[in-house]
Amino acid sequence: NILASLRMIQGDLAEGELLAKRALEVTERLGLREHPDAADAHYYLGLVLAQRGEHASAQSLYEQAQSIVEAALGRTHPTVALVVGQLAQIHCGRGEYDRAELLSQRALEICEPVLGSDHPDTAFMIYLRAEVFLEQGTFERAEPLYLRAVATGEKALGPDHAGVAILLENYATLLRQMKRDTEATAIQTRAKTLRARYVRQTSRR
């Protein structure tokens, strides 16, 4: 599972898929179908399929992961929030915004009380809610969430982290759609600066 996650971060979806499938086969062979490790394998495999556009298959894997984690660790475990957040993205992509909004809200309500308001996962859940509102065109609801996600990401990761740059880039997308091009350009410039700085810092390690 760990290797599958690393390969996906590196952009090697094919290898990530093979490793996630192997992890799933191992858990089944060992009789661990209801173990959290099996949920992880379902989750990572779902991530690969979702990125390929195979949303129905990804949804099924996410739902299996959710069922396993809730039974093994409880309905308020942070892993449940991650899975529910991915389900929100699936429904958002289909235009099922009411369902996506409910799921993204649930993910945040699970995550924030357990991990705190300054945790990277909390920033991600706030971002997911912002994305739902962006996709359905309710920009006035999306903007404060993007700003909150950026602020949370800066506290959790540091102001120069590449993750903050990603949040800023998505906020800039919102500003473009709101016809606030000057602000969007300034935000994108900051994001590019952060990315370049992060690359320099990591290359020296």
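Let me begin with a term: a residue is called buried under 20% relative accessible area, exposed over 50%, and partly exposed in between. By that rule Arg180, at 23% relative accessibility, counts as partly exposed. Please keep in mind throughout that we are looking at a predicted model.

Arg180 brings us to the charged pairs. Its partner is Glu183, and the closest N and O atoms of this salt bridge are 2.8 Å apart. Glu183 has a relative accessible area of 38%, so this residue is partly exposed as well. Elsewhere, salt bridges with shared partners join Glu17, Lys21 and Arg52 into one network. The structure holds eleven salt bridges. As a general remark, side chains of opposite charge can pair when their charged atoms come close.

Two further salt bridges deserve attention. In one of them, the side chains of Arg75 and Glu70 meet at 3.6 Å, N to O. Which of these two residues is buried and which is exposed? Arg75 has a relative accessibility of 52% and therefore counts as exposed. Glu70, by contrast, is at 17% and therefore counts as buried.

In the other, Arg148 pairs with Glu112, with 3.0 Å between the closest N and O atoms. This pair links distant parts of the chain, since Arg148 belongs to helix H8 and Glu112 to helix H6, 36 residues apart. Arg148 is partly exposed at 32% relative accessibility, and Glu112 is partly exposed at 23%.

Glu112 leads us to helix H6 itself. This helix covers residues 97–115, which makes 19 residues. From its first C-alpha to its last, H6 reaches 26 Å, close to the 27 Å expected at 1.5 Å a residue. Its buried residues are Ala100, Glu101, Leu103, Ser104, Ala107, Leu108, Ile110 and Cys111. Against what do they pack? The buried residues of H6 pack against helix H5 (78–93), helix H7 (120–135) and helix H8 (139–157). Helix H8 is thus met by H6 in two ways: through the packing of buried residues, and through the salt bridge of Glu112 with Arg148. Just after H6, Gly116 takes a positive phi of about 100°.

One of the buried residues of H6 is a cysteine, Cys111. How many disulfides does the structure hold? The number is zero. Cys92 is in no disulfide, and the nearest cysteine sulfur, that of Cys111, is 19 Å away. Cys111 is likewise in no disulfide, the nearest cysteine sulfur being that of Cys92. As a disulfide requires the two sulfur atoms to lie within 2.5 Å, the 19 Å between these cysteines does not meet the cut-off. Cys92 is buried, with a relative accessible area of 8%, and Cys111 counts as buried at 1%.

I turn now to the interior. In soluble globular proteins, nonpolar side chains tend to be buried together. Here, the largest nonpolar core has 59 residues. The members that touch the most others are Met8, Tyr43, Tyr62, Met125, Tyr146, Leu168 and Leu174. Helix H3, residues 36–51, gives the most to this core, with nine residues. For Tyr43, leaving aside its neighbours within four places in sequence, the contacts are Tyr62, Ala65, Leu82, Val83 and Gln86.

Tyr146, another of these core residues, also takes part in an aromatic pair. A pair of aromatic rings is described by the distance of the centres and the angle of the planes. The count for this structure comes to five aromatic pairs. In the pair of Tyr146 and Tyr171, the ring centres are 6.2 Å apart and the planes stand at 35°, so the pair is tilted. The two rings link distant parts of the chain: Tyr146 lies in helix H8 and Tyr171 in helix H9 (residues 162–177), 25 residues apart. Both tyrosines are buried. Ring pairs also link Phe124 and Tyr127 with Tyr146 and Tyr171 into a cluster.

My last point concerns the backbone. Most residues other than glycine have a negative phi. Which value does Lys179 take? Its phi is near 65°, a positive value in a residue other than glycine. Lys179 lies in the loop between H9 and helix H10 (181–203). With a relative accessible area of 71%, Lys179 is exposed.

Methods:
Residues numbered from 1 in each chain as written. Predicted model: local features only at pLDDT ≥ 70, side-chain atom pairs only at ≥ 80, totals over all residues. Heavy atoms only, no water. Helix = DSSP H or I, 4+ residues; strand = E, 2+ residues; numbered from the N terminus. Expected span 1.5 Å × (residues − 1). Buried < 20%, exposed > 50% of the residue type's maximum accessible area, 1.4 Å probe, protein only. Contact = heavy atoms within 4.5 Å. Salt bridge = Lys/Arg side-chain N within 4 Å of Asp/Glu carboxyl O. Core = buried A, V, L, I, M, F, W, Y, C linked by side-chain atoms within 4.5 Å. Phe/Tyr/Trp six-rings, centres within 6.5 Å; stacked < 30°, edge-to-face > 60°.
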